[in-house]
Amino acid sequence: MTFVYIHAVAFGIWMVVFEKSPWPTLTLVVSLEAIFLSTFVMIGQNRQAEFAQKKADHDFVEQEQELKLNTELTRSIHQLVTEVHAKVSGPAPGNR
């Protein structure tokens, strides 16, 4: 809000002190300022979007690696449990 207050005071002083006709110069200055400010805002939004996209891409790769690791671990655990079960319970009843 400081930015708004400073500009309101500056434009008020400009209108009272410098402008004699219905403020055509002030209108030009304000229009140019709006053009530059909107350009800077869009540049900032593009940078934020680029950063967000890079972060999303990185997170996706990390999640894919985690999923692959979890799948491998689950398969290993299943194999170990099957081996332990086979050793504890002995041969299957039909195979004696």
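How many salt bridges does the rule give? The count comes to two. A salt bridge here is a side-chain nitrogen of Lys or Arg within 4 Å of a carboxyl oxygen of Asp or Glu.

The model is predicted: local features need pLDDT of at least 70, side-chain atom pairs count only at pLDDT 80 or more, and totals for chains, interfaces and linings use all residues. Residues are numbered from 1 along each chain as its sequence is written, and side-chain values use heavy atoms, with hydrogens and water left out.

Helix α2 covers residues 24–89. Helices are DSSP runs of H or I with at least four residues, numbered from the N terminus. The expected span of a helix is 1.5 Å times one less than its number of residues. For the 66 residues of α2, that span should be 98 Å. The end C-alpha atoms of α2 are 95 Å apart, which agrees. Just after α2, G90 takes a positive phi of about 75°.

Both partners of each salt bridge lie in α2. K54 pairs with E50, and their closest N and O atoms are 3.4 Å apart. K54 and E50 are four residues apart, about one turn of the helix. Accessibility is classed as buried under 20% relative accessible area, exposed over 50%, and partly exposed in between (1.4 Å probe, protein chains only). K54 counts as exposed because its relative accessibility is 54%. E50, at 45%, counts as partly exposed.

K55 forms a salt bridge with D59. Here the closest N and O atoms are 3.0 Å apart. K55 and D59 are separated by about one helical turn, because they are four residues apart in α2. K55 is partly exposed, with a relative accessible area of 45%. D59 is also partly exposed, at 30% relative accessibility.

A nonpolar patch lies on the surface. Its area is about 1000 Å². The patch is made by F3, V4, Y5, L28, L32, I35, F36, L37, F40 and I43. The elements that give two or more residues to the patch are α1 (2–18) and α2. The largest share, seven residues, comes from α2. Patches are made of residues with over 30% relative accessible area and no salt bridge; like charges are joined within 9 Å, and nonpolar side chains (Val, Leu, Ile, Met, Phe, Trp, Tyr) within 5 Å. Accessible areas come from the Shrake-Rupley method with a 1.4 Å probe, and for residues only the protein chains shown count as cover.

One of the patch residues is I43. I43 is placed in helix α2. At 37% relative accessibility, I43 counts as partly exposed.
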